[in-house]
Amino acid sequence: MTAARPWPLGVDGIAYGGDYNPEQWPREVRLEDIDLMREAGVTLVSVAIFAWATLEPREGEYDFAWLDEVMDDLAGAGIKVALATATASPPPWLTRHHPEILPLTQDGTVLGQGGRQAYAVTSPLFREYALRMTRVMAERYGDHPALALWHVDNELGCHVPHDYSEHAAVAFRGWLERRYGTIEELNAAWGTAFWSQRYDSFHEILPPRAAPTYANPTQQLDFARFSSDELLTHYRALRDVLREVTPQIPATTNLMLSSATKWMDYFSWAEDLDLIANDHYLIAAEERGQIELALAADLARGVAGGDPWILMEHSTSAVNWQPRNRAKGRGEMLRNSLSHVARGADGIMFFQWRQSKAGAEKFHSAMVPHAGRDSDVWSNTVALGRALEALAPVHGSRVLSRVAIVVDYPSWWASELDSHPTQALRYNEELLRWYTAFWDLGISVDMVPTGTDLTGYELVLAPTLYTVRDQDADRLAEAARAGAQVVITFFSGIVDENDHVRLGGYPGAFRDLLGVRTEEFYPLLEGETLHLDDGTRADLWSEKTHLEGADAVRSWADGPLHGWPAVTRNPTGEGAAWYVAARPTADGLEALLTEIVAAAGVEPAVPGLHRDVEAVRRFAEDGTTYLFVLNHSDRDQVVQVSGREMLTGTDVEGAVTVHAGSAAVLQES
Ligand code: GLA
């Protein structure tokens, strides 16, 4: 149970801080920054992320004086640095001299200088410049006492997950040659007998640029795989330079795990990151945004393989990039932060330390707001620092869940392609709907990739696992045989990894496990709902499913499939396999999940809480448990516990009230 991954050097307890952009400020402000960081208890800051143009104002001419000073000041104050490679945004001189490094969109638009991230990740010339800058940073600061962690680039793929430039075309061909070996293999995998798409050589292949109609689906899927791989390849190249110069310093990059980030298969990146760092922003328009936040945090823990990870960015209050940027309510910033800690984060950081005076993000909140110290935001910043200090013993403990949700990025990409039974299916919505149902029952889940050994779980859910390899489908069957309740939802197991349909009836890969055979899909029209025989309703999807060994748990109560099964259960080995061939509305889903959870024998962390009270436990190696109770509701919540409340440092026994909007962390005895 000990943390396997390295941690920022010299950072103890729960790391606290944010992105620090001193290049935007004069010396007197930077000096004040140091005082304020001390006041708030900051221990780690990310520096120089967007500093390339300041550090290298003209090609080959460097100005390090200011950064030397900043690093020394931070070291003097005992504050550690996650130092960036400074490559996240090329300086204007670079794109002016070499416009060929700029990325191209699907419809042929060149994305120019003036914002940020204006580079094609596949451009060999850009790679050369980025490697050079990385080496310069590593050689200059590799021995600096403040250096604790390398922060490679920044949110790789944030603005340009897919580049369609000539560089991308060349790299895509290379990637395909490595994947398929011969053009015949590619033709077979892509099904190019269809629509006269047969290729005679790899030279003929292009990225799926704008075309008269639907591009080849396997080409689209492979381009998504390739694009995720290319971003990782870029990370690796930079990381390798850092490893060569400073083998003692761990390296990471900040991921964007959330229910909205689709294009990077972060599970496949995990091995290359010394530790997992995630950025997450609440969606202000989302009434119960804390649920999506928790999903993102569980996903970050999943990518970290259960090891502690760092929340590298979130916001103290409003952001600047949503249509309406709501300020956070009372207690919300603390609850958001503790929700990440509860789910395995051992570092809480923000974008950014000091709110900018100029530039596109000047209305994005920060730890030091425009208003200065006399503000709620600053008080919250200081209070959070104190809270995290008190939680230092939590570092290294783990969340142990008995439920797993299988998350698969290729299924996300492929299930949402064009030319499908419905265009209304959104993989991430399905994920969030089921996640929400678990949340409402108070049950914590692990988010795991396909290929994971699932036999230790009591309940395993695979929502819309559309594309699946045989060996990954087998993992689910093994879990059921070993005693788990395995739940597979509609549009799963439909195709192989080349997006070729598994013939003989749906859901091809899972027909035997589920004991069903579907002959045809019956997607519902917009706004249409049908009744299930438990009186609840379902929308989006239905299918004509024959029972071939399974029992019907729910049937359609009206519509063209009246009387046909909608949810089935097939006893298998020590467990069972459930097929949810419908999309029940929230009440129906909760009722169904309640049955499944009962069959699995899984209990909430704390029974009987209001659904907007979040309770999660972390387990330390020495047997200590930490119970996080975060009250997102507008009512006080009484919890039966005994132990030490860590935020206030008081011993508690029996009934404890967690006030509306507030939080408690119990070291349980
Ligand atoms: C991302 C970036 C930051 C900043 C924030 C604003 O996470 O990494 O530089 O732009 O968004 O929310």
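This is a stop-by-stop tour of a predicted model, with selections to make in your viewer.

Before you start, note that residues are numbered from 1 along each chain as its sequence is written. Because the model is predicted, local features need pLDDT of at least 70 and side-chain atom pairs count only at pLDDT 80 or more, while totals for chains, interfaces and linings use all residues; side-chain values use heavy atoms, with hydrogens and water left out.

**Stop 1: the ligand**

Select the ligand and show what surrounds it: Phe-50, Arg-116, Asn-154, Glu-155, Asp-279, Tyr-281, Glu-313, Trp-321, Phe-351, Glu-361 and His-364. A residue belongs to this shell if one of its heavy atoms lies within 4 Å of the ligand. By class, the shell holds four nonpolar, two polar and five charged residues. Here Ala, Val, Leu, Ile, Met, Phe, Trp, Tyr, Cys and Pro count as nonpolar, Asp, Glu, Lys and Arg as charged, and the others, Gly among them, as polar.

Which distances to ligand oxygen atoms can you display for Arg-116, Asn-154 and His-364? For Arg-116, a polar side-chain atom sits 2.9 Å from an oxygen atom of the ligand. For Asn-154, the corresponding distance is 2.8 Å. For His-364, a side-chain N or O atom is 2.7 Å from a ligand oxygen atom. On its own the ligand has 300 Å² of accessible area, and the protein covers 96% of it (Shrake-Rupley method, 1.4 Å probe).

**Stop 2: the parallel sheet**

Now colour strands 1 to 9, which form an open sheet with parallel pairing in the order 5-4-3-2-1-9-8-7-6. Strand 5 (251-252) and strand 6 (254-255) stand at the edges with a single partner strand each, so one side of each has no neighbour in the sheet. Strands are DSSP runs of E with at least two residues, helices are runs of H or I with at least four, and both are numbered from the N terminus. Two strands pair if DSSP finds at least two bridges between them.

Zoom in on strand 8 (residues 309-313) and strand 9 (residues 345-350), which run parallel and are joined by three bridges. Pick Ile-310 to find its bridge partner in strand 9, Gly-347.

**Stop 3: backbone angles to check**

Most residues other than glycine have a negative phi, and most peptide bonds are trans. Here are some exceptions to select.

- Phe-351 to Gln-352: this peptide bond is cis, with omega near -5°, and Gln-352 lies in the loop between strand 9 and helix 11 (376-390). Phe-351 is also one of the residues around the ligand.
- Tyr-506 to Pro-507: another cis bond, with omega near -15°; Pro-507 is in the loop between strand 13 (485-489) and helix 15 (511-514).
- Ala-86: phi is positive, about 65°, in the loop between strand 3 (80-84) and helix 4 (92-97). At 1% relative accessibility, Ala-86 counts as buried (buried is under 20% relative accessible area, exposed over 50%, partly exposed in between, with a 1.4 Å probe and protein chains only).
- Gln-117: phi is near 55°, in the loop between helix 4 and helix 5 (124-141). Gln-117 is buried too, with a relative accessible area of 5%.

**Stop 4: strand 23 and its partners**

Select strand 23 (residues 625-631), where seven of seven residues are buried. In a regular strand the side chains alternate between the two faces of the sheet. Thr-625, Leu-627, Val-629 and Asn-631 point one way, and Tyr-626, Phe-628 and Leu-630 point the other.

Add strand 22 (residues 613-619), which runs antiparallel to strand 23 over seven bridges. Phe-619 has Thr-625 as its bridge partner. Five residues lie between these two strands of the hairpin, and Gly-623 has a positive phi near 95°.

Next add strand 26 (residues 663-668), paired with strand 23 in the antiparallel sense over six bridges. Leu-627 has Leu-666 as its bridge partner, and Phe-628 stands opposite Val-665. Five of the six residues of strand 26 are buried, so the strand is largely enclosed by the rest of the structure. Strand 24 (residues 637-645) also joins strand 26, antiparallel and over three bridges, with Gly-643 opposite Glu-668.

**Last stop: Ala-75**

Is Ala-75, in helix 3 (residues 65-76), buried or partly exposed? Ala-75 counts as partly exposed, because its relative accessibility is 27%. Leaving out residues up to four places away in sequence, Ala-75 touches His-144, Pro-145 and Ala-146 (heavy atoms within 4.5 Å).

Terms used: Polar contact = N/O pair within 3.5 Å; in protein donor to acceptor, adjacent residues only side chain to side chain.
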